[in-house]
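New to this one? Have a look at the picture first, and then we'll walk through it together.

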Amino acid sequence: MFIGSSLQIDRDGNSSTVTESRLPGFGGAPNMGHDPHGRRHASPSWLSMVHGEGAALRGRKLVVQIAQTFQKGGVPTFVESLDAVDVATRTGMPVPPVMIYGDDVTHIVTEEGVAYLYKAHSLDDRRAALAAVAGVTGVGRAADARRTEQLRSDGLVAFPEDLKVSTRDADRSLLAARSISDLVAWSGGLYDPPARFRDW
């Protein structure tokens, strides 16, 4: 499982931390830097994504992008086209510096809801599900209300009320972990943070 965030996510679910004003590294995303689909050992999360038949029956790595629809200063996270595309063109890069390609993303989580992109049967479904959780960004304003309701009915989109979360009652007390120490305990010791993040 990979859980991350990004500075920009386009309408297809591609994401990048490269913007017109920033050219940072990719953080943990390069750890995903492989494309083979074979697997020797199955994990519960990988098995939860099983698809295919016979020898092609396989799971899928969970890749979750968590993002607020707008960043500090009212900058939209969800955009029609990544700045990375223009940056690549202007600087002569062979390909745009995309951190995670949309077809690898299984879920996008925002304050608006969850888009279950792995359930999308087409690029059109993927775009509609993403738009449904993109808020009042340009991408989100393209969402069609009737289509969104159908996506909710089909399980491709879930809003807080679909998940039995009352937005009126939601606050930090509902979080599973409120500190790095809580994350270590919650993970059963699997998460081993660097010493500089330890406060216990």
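What follows is a tour that goes from the overall layout to single residues.

Before we start, keep in mind that this is a predicted model, where local features need pLDDT of at least 70 and side-chain atom pairs count only at pLDDT 80 or more, while totals for chains, interfaces and linings use all residues. Residues are numbered from 1 along each chain as its sequence is written, and side-chain values use heavy atoms, with hydrogens and water left out.

Let's begin with the layout. The protein chain splits into domain 1 (2–165) and domain 2 (170–199), with bounds that come from an automatic or database domain assignment. Between the C-alpha centres of domain 1 and domain 2 there are 25 Å.

Now for the sheets. Two bits of bookkeeping help here: helices (H or I, at least four residues) and strands (E, at least two) are DSSP runs, numbered from the N terminus, and two strands pair if DSSP finds at least two bridges between them. One open sheet has 5 strands in the order 1-4-6-7-8, and its pairing is mixed. Strand 1 and strand 8 are at the edges with a single partner strand each, so one side of each has no neighbour in the sheet.

You can walk across that sheet strand by strand. Strand 1 (residues 2–4) runs parallel to strand 4 (residues 63–66), and 3 bridges join them; G4 stands opposite Q65 of strand 4. Next, strand 4 pairs with strand 6 (residues 107–109), again in the parallel sense and over 3 bridges, and here Q65 stands opposite I108. Then the direction flips: strand 6 and strand 7 (residues 114–116) are antiparallel, over 3 bridges, with V114 in strand 7 as the bridge partner of V109.

Stop for a moment at I3, which lies in strand 1. Leaving aside residues up to four places away in sequence, I3 touches V64 and I66, where contact means heavy atoms within 4.5 Å. I3 and V98 are 95 residues apart along the chain, and their C-alpha atoms are separated by 16 Å.

There is also an open sheet of 3 strands, in the order 3-2-5 and with mixed pairing. Its edge strands are strand 3 (15–16) and strand 5 (78–79), each pairing on one side only. Strand 2 (residues 8–10) pairs with strand 5 in the parallel sense over 2 bridges, and D10 stands opposite V79 in strand 5.

On to some aromatic side chains. A pair of aromatic rings is described by the distance of the centres and the angle of the planes. Rings of Phe, Tyr and Trp (its six-membered ring) pair if their centres lie within 6.5 Å, and planes under 30 degrees apart count as stacked, over 60 as edge-to-face and the rest as tilted. By this rule there is 1 aromatic pair. The ring centres of Y116 and Y118 are 6.5 Å apart and the planes stand at 85 degrees, so this pair is edge-to-face.

How open are these two to the outside? Buried means under 20% relative accessible area, exposed over 50%, and partly exposed in between (1.4 Å probe, protein chains only). Y116 counts as buried because its relative accessibility is 17%, while Y118, at 29%, is partly exposed. Y116 has another visitor too: the charged end of K119 sits over its ring, 5.0 Å from the centre. That label needs NZ of Lys or CZ of Arg within 6 Å of the ring centre and within 35 degrees of the ring normal.

Next comes helix 3 (123–132). Since 7 of its 10 residues are buried, helix 3 is largely enclosed by the rest of the structure; among the buried ones are D125, R126 and L130. T137 is found in the loop between helix 3 and helix 4 (138–141). With a relative accessible area of 1%, T137 is buried, and it touches T69, F70, P76 and F78, not counting residues up to four places away in sequence. A polar atom of the T137 side chain lies 2.8 Å from the backbone oxygen of A134.

Last stop: the loop between strand 8 (157–158) and helix 6 (180–186), where you'll find K164. K164 is exposed, at 75% relative accessible area, and its phi is near 65 degrees, a positive value in a residue other than glycine. V165 lies in that loop as well, between strand 8 and helix 6, and is partly exposed at 38%.

Methods. A polar contact is a pair of N or O atoms within 3.5 Å; within protein, one must be able to donate a hydrogen and the other to accept it, and residues adjacent in sequence count only if both atoms are side-chain atoms.
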